[in-house]
Amino acid sequence: MITFVVRRLIATVFLLIIVSIITFAIFFLLPKLGGQTTYGLATQYVGRNPTRAAVLQVEHQLGLNQPLQVQYWHYLKAIVAGEHYSAGPHSVYCPPPCFGYSFKSQQPVWPQMVSDAPVTLSLAIGAAVIWLVSGVAVGVVSALKRGSLIDRLSMGTALAGISLPIFFTGLISLLLFSYKWPVFPDVQYVGLTTNPLLWARNLVLPWVTLAFLYSALYARLTRAGMLETMSEDYIRTARAKGLAERKVVLKHALRAVLTPIITIFGLDLGLLLGGAVLTETTFSLHGLGFFTIQAIQNQDFPEIMGVVMLASFFIVIANMVVDILYAYVDPRVRH
Amino acid sequence: MTAPIEVSGDAAAAPEAVLSGVSAKVVEGRSLGQIAWLRLRRDRVAMTGGLIVLVLIVIAIIGPYFVQNPSTYHAGLINPTFSRPNGAFGGISLAHPLGVEPVTGRDMLARIVIGARYSLLIGFLATALAVALGVLMGVIAGYFGGWVDSVIARSMDVFLAFPLLVFAIALVGVIPSSAFGLSGNTLRVTLLVFIIGFFAWPYMGRIIRGQTLSLREREFVDAARSMGARGPYILFRELLPNLVGPILVYSTLLIPTNILFEAALDYLGVGIVPPTPSWGQMLANAVQQGFFSVDPMYMVVPGVAIFITVMAFNLFGDGLRDALDPRTR
Amino acid sequence: MKRHKVLGLAAVGAAGAIALAACGGSGGGGGGKNTSSAAFNAAVGAVYSPSSQKGGTITFDNSSGPDSTDAGNTYYAFNLNFTRLYATALTTYKSCPKLCGDQVVPGLASSLGTPSDNNKTWTYHLKPGVKFEDGTPVTSQDVKYAVERTFDRSVLPNGPSYFATLLAGNAAHYPGPFKHRSKNLMGLTAITTPDSSTVVFHLNQPFADFNYVVAFPQTAPVPPAKDTGADYQKHPLSTGPYKFASWQLNKQYTLVPNPQWNPSWNPQVKQLPSKIIVNLNVNANDVDNRLLAGDIQMDQPGTGVQAAARAHILSNPTLKASSDDPVTGFMWFYYINSKVKPLDNIHCRMAIEYAANKTNLQTAYGGPYGGSVASTAMPPTVLGYQKFDLYHALTKPGGDVAAAKQQLQMCGHPNGFTTNISYRSDRPREPASAQALQNALNQVGIKTTLKGFTAANYYSNFAGVPNYVHSHQIGLAAGGWGPDWPDAYGWGWALFDGKSIVPAGNTNISELNDPQINKWFLQMEQTTDQNQKNTYANDIDMQVMKDAAILPATYNKALLYRSPKLTNVNVNSYYGMYNYGTLGVKQ
C-alpha cells in the first residue's frame, strides 16, 4: 500500500511538472509565434507613451529577453525555494510557493490568490454540499418510485438542469431574486468569520445556481446506479431473507451506489474552478474565477500561470486521493 | 466543468446487455441496429428530441437565407433615453417576432438563427474531432496494451489535468486575430473546434479504451486471431463494429456538452467575433451592460435557445442509450 | 464583469475658454452659486448643500480598484482626484464649480512656477511648515525623490511619462533610484534643489504648460528613507488632510484625518468626515443598488451608473433630482489612418466622416445621457474650443449618404472599398459602437471587417503599433481620450502631433503628420499667452478635421447619483466627476 501511495505521489508531481511545462510553453511561445516581440510584450506593462529606455528596463526586469528554458527554470525554482525580487529600494523575499510577481499590479501572485481563495472555496463547498445531498436524495427517490409522477418530474427537471448553462440560470436567479423580488439583494462576499449569517445569505443565489447543474447530474447518476444495484442478486437475497425494505435500500443498495458517486464527486470538486469562472463572472464575485478572467484580460502571464497551476494542482490532487482511496477499498487496483 | 459523460460501470457491458434485453418475442433475423431502432421509435420523448434536433439542423442550414439582415439597425424601435426597445417583451412585433436588441434595434430572430448555425457547426465539428481522436487513441491503447497503452493513458491523464475552461479562454486570448493563414471568424471557428475537440477527446478515449480492453478478451476476437487475422483486420472488422453503439451514444451526448462549452466561451468574450451573433455573446452583452434587468427578453431569448438545443440533444442521446442498453431505463 | 470600467488610462476632465475669459486667465473668484435644493444637475454649476460640519463616514465603492494607491503610480482620473486627500502635488486644480475648476493653482508650492530661459527652466518654492504625517518636515529633496522614483517603470509603471521625455540632463537614461541605489539616489541631474525649499526643473525644450505637468501627483513628496517601492502604496506618507489607517489588497482601504494637517497647505481640499472607506472589488451589480439605498455615498470611478439604475433614476423624479449628468471632458472617436490604402486619399477619409451614423454611435456609447454627438476633434471643455461642423454631424446625424458617395467618386472608389475596424472587445461599449460604424459604412459600399483586441494590449501590440496597422490594413481604430490637462496641448499633442508617432504604444494612430499642426504645437510649447494658445487650439482642431484624421463620436457624459447625505457636492470640470477633495457628510 505504501509503495502504491509513493508511486502515485511521484506520478502526481511529475504530472504537475508536465502541465507546467506545457502551459509555460504555450503562453510564452505562442505569442512569439504570432509575431509578438519581447519588446512589444514589455510595452504593455509600462503604461502610456513610454520611453524606449523604460520599456527596455521592464523587459529586462521581467526577464522576458531570456531564453525560455531559463525563464522556466527560474519559475520552477521560485515555487520550490522562493525568490528575491527587486521592487523598490530593497529586494523583497518572496517565500515559497512563490508564483512570481504580477506584471501588472506589481504584487506577488500567491498572496493575491490566497486572498481570493475563500470566496471560491465558500462557493464550492456550499454548492457541493447542496448538490451532493439533493442530487443523491432525488436520485434515490426517483429510482425507488421508478416510473411514478415524482420520478418523471424530477428526472425532467434534472434533464433541464444539465441542459441549462450556469450563466443563464444565474442571470435568471439574479433577475428574479435580486431585482424583482429582492429576497437576496446583495451577492457580495462577506467573510465567514466576519458575519456568518450574511456570508450564507449573500451566497445563496450562487450556491443554488451552481448546485442546480450538478444536482441534476448526480440525481441522474444516482438513479441509474440504484436501478442497476436493485436488480443485483444480493439485494434479492437480502429481501428474500426478510429484511425491511428501508434497510435494504439504505444499508445495501445505497452503499454500493455511493462509491462511484463519491469518486466522481472528488473529481468534480477538483474541476470546480472552471465552474467558478462562470458563476463568479455572472455574479461578479471576486474569487479565483474572477481573478482568472482578469489575469487573462490583462495578459498578466505570472497570474495566468498561477491560476492554471493551482487549478491543475486541485485536479491532480483530487485524482490522486480518489485513486488512493480506491486502492484502499479494492486491493486489486494497486498492481 | 464536469465530465461530459456519465461513465458508469455498465457501459462496458452494453453490447451484451442488448442481447440479454432481447426478449423471446423478438422476431428472428433482426440485427442489433434494427432492434435498437425499434426501441428508439417507441420512445416518444427521444423521438421528440430527435425531431427538434432535425428542425434545428434545418434552421441552421437554410434559416439564414429566410431571416432579415441581422446587422440592420432599427434606431426607431429603441427608446434613446433608456437604450431599451419600445413596447413590451423586448419590442416583439409582427416584423420582429422575437423582438429587437437593446441599443441597436437589430432583429433578434435573425441573430438567433445565425447563432444556431455557428453553435451547431462548432458543436458537430468539435465532437467529430473529439470522437475521431478518442476512438483512434482508445482503440489503439486498448488493443495493443503494454507501453502503447501506458503512454496513451498517461497523456490522457495530462489532458484531464488541465483546467479546461481556464485554459481554453487563456489560449484563445493569446492567439492573434490572424494566424495560420486564417483570419476573422474562419480562424475563430477553427480555433474553437480544435480547442474544444482537443480537450474532449480523452473522455471518449477512456470509454473506448475500456470497451476495447474487454472486447479484446472475448471469444470472437480470439477466434479471429486463431484463424490468422492480423491487427488491422481485427481492429476494423471485429472490434470497431462492436464499438459503434457506444460511439454513437456518447457522440450524441458529447454534442450538447460541446455546445454548452462553446456558449460559455462566447459568454466570456473569447468565442465568435462580432458582428456575427452568437448566443453566449448575447447573454454576455445582457449582463455586461446591465440590460438583463431592464430588458429581460434580451437574456431570455438566447438562453432559451441554448436550453432547447442542448435539451433536444440530451433527450435524443438518452433515448439512444436506453435503446442500446435497456437496463438503465 | 467590468461594469464600472474606468474610461481610459487618463480619463481626465478639462477646462473651458469661457471660464478663463471670465477669470482673466489667473485665479479668478468662486464660480457658481451655492444651492441646497435638490434638482437635476444641481451640483454641476454650483456647490450643492454647502457645509463645514465635521464628522461622519463617507464610503466609496469601486467594482474594480485604482491602478495603485501610490500617488506616483496612478493615471486614472478618479484616482488623480482621490489621491489629493493624502498627497499634495506642487500645483493642483482649483476647487470651484463650472469651468473655474480647470485652473491650475499652487498646491505644495507657494506660487505657480517661475519660468526662465525661454520656458526651459521652472522654479518652485515650497510652502513653509509643511510636514509629513509623522511630523518630519517636507523638503525639496523629498519632491525631487518623488519624481526620481517614477523613472523606474519596472516598479511604478502606471503614471504619465512627461518627466522622462521633458527633463534635460541624464533623464533619457536615468534608471530611477531603486537600482544601484547608492549611485542613483538623488542622481537625476535635471532637478536641482538649491535649498531645502526650492525645486528647479531643467527641461530639454521650452515647455509653457509645465505648471500642468507638476499638477500630477508624481510631484507629491516621498521621503527616501520611508520608500518601499511597489509596497509604498500600502501606506504612502500623507501630506494631505487624510492619512492611511488600513490597506488590504483588492479589498478595502480606509483614511482618517491627518492630525498634522493645516488647511493652508492646500486650500483646495477639506478635512470634514472623520473616516473615509473605500471598498474595492465590490460586486458590480450591487454598487448602484447600494448607492441608491444609501448604504454607500459614492461610486469611486465616477463613470456613471449602469443601464438598470439609469432607467430607475430617470423614471423617478425624486431620484432624478438627486442626480447629475455632467460632461466629463472625455471623448469617444475613431482614428482614421492616413497611411493605409485607400485611406491615404483624403476623399476616402472624408467619405467615412460623412457616411458614419452619429445617432447610432451615440446610442452605442450610452444614449443622450451618456454623451452628445461630437463634430470636432476636441471636446467643448478644452480651452479655446469653438464649435464647428464640417461633415454635417449635427445637421444630418443619421449620416450624409449623398455627400459620402460624392467623396467616394472623388477618391476613385465610387462603389466603395474594403478596410478593417479595430476596437477593444472587452470594453462594454466599443463592440456595439464598432458594429454601428460598420453598419453605416456598409450603406455606402465601404465594407469593413471588425477586429477585436483586449484592452490590455490594444495600444502596446496592435492598434498602437504602426507596422501592425499597416500590415493588417487597419483603416479605422476605436479610441477614447481624456486630456492630461485642460488646454489643446494637453488634449491633442499625443493624438495629432507628428512627433508623437512611436513604433509601439502609439497614441497618434491616425499617423497624422501635418507640418502645419506640428508647427502650432511647437508654438504652444513656447507661449504662455492664453489668448494665443486659444487661437492655436481652434486652428489645430479645425485642421485635424479638415485632414479627416479623426471621426468624432460623442463628447462623453456620465449620469452620477448624488447621495442626499453628502454636503459640498460639486462636479469638478477638470476631473469630470464629483470633487472628492471637499466632500462632507450629514450625520
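**Close-up views of a predicted model**

Glu511(C) sits in the loop of chain C that runs between helix H16 (488-496) and helix H17 (515-526). The model is predicted.

**View 1. Glu511(C), a residue with positive phi in a loop of chain C.** The phi of Glu511(C) is about 55 degrees, a positive value, although the residue is not a glycine. Most residues other than glycine have a negative phi. Is Glu511(C) buried or exposed? Glu511(C) has 20 other C-beta atoms within 10 Å and therefore counts as buried, since the cut-off is 20 or more.

**View 2. Val103(B), a residue with positive phi in a loop of chain B.** Val103(B) is not a glycine, yet its phi is positive, near 70 degrees. The loop that holds Val103(B) lies between helix H3 (44-62) and helix H4 (108-144) of chain B. Around Val103(B) there are 29 other C-beta atoms within 10 Å, so this residue is buried.

**View 3. The cis peptide bond between Pro96(A) and Pro97(A).** Omega of this bond is about 0 degrees. Pro97(A) belongs to the loop of chain A between strand E2 (91-94) and helix H5 (109-144). Most peptide bonds are trans.

**View 4. The cis peptide bond between Lys341(C) and Pro342(C).** Here omega is about -5 degrees. In chain C, strand E15 (327-336) comes before the loop that contains Pro342(C), and helix H10 (346-355) comes after that loop.

**View 5. Helix H8 of chain C, residues 307-314, is mostly covered.** How many of the eight residues of this helix are buried? Seven are. Four of the buried positions are alanines, namely Ala307(C), Ala308(C), Ala309(C) and Ala311(C). The others are Arg310(C), His312(C) and Ile313(C).

**View 6. The contact between chain A and chain C.** Chain A brings 40 residues to this contact and chain C brings 44 residues. On the side of chain A that touches chain C, at least two residues come from each of helix H2 (38-43), helix H3 (52-61), H5, helix H7 (166-180) and helix H10 (245-283). Which of these helices of chain A gives the most? H3(A) does, with five residues. Sorted by class, the side of chain A that touches chain C holds 23 polar, 15 nonpolar and two charged residues.

**View 7. Chain A as the setting for the views above.** Chain A contains two strands and twelve helices. Along the sequence, the order of these elements is α-α-α-α-β-β-α-α-α-α-α-α-α-α. The C-alpha trace of chain A spans about 85 × 60 × 40 Å along its principal axes. Of the 335 residues in chain A, 48% are buried. Among contacts in chain A with a separation of 6 or more, 64% join residues 24 or more positions apart.

**View 8. Met204(B) in the largest nonpolar core.** This core has 371 residues, and Met204(B) and Leu283(B) have the most contacts inside it. Helix H8 (residues 196-230) of chain A supplies the largest share of the core, 17 residues. What does Met204(B) touch, leaving aside residues up to four places away in sequence? The partners of Met204(B) are Ala130(B), Val131(B), Gly134(B), Val135(B), Gly138(B), Tyr250(B) and Leu254(B). In soluble globular proteins, nonpolar side chains tend to be buried together.

How values were computed
Residues numbered from 1 in each chain as written. Chains lettered and ligands numbered in written order. Predicted model: local features only at pLDDT ≥ 70, side-chain atom pairs only at ≥ 80, totals over all residues. Buried ≥ 20, exposed ≤ 12 C-beta atoms within 10 Å, placed from the backbone. Contact = placed C-beta atoms within 7 Å. Nonpolar A, V, L, I, M, F, W, Y, C, P; charged D, E, K, R; others polar. Core = buried A, V, L, I, M, F, W, Y, C linked by C-beta atoms within 7 Å.
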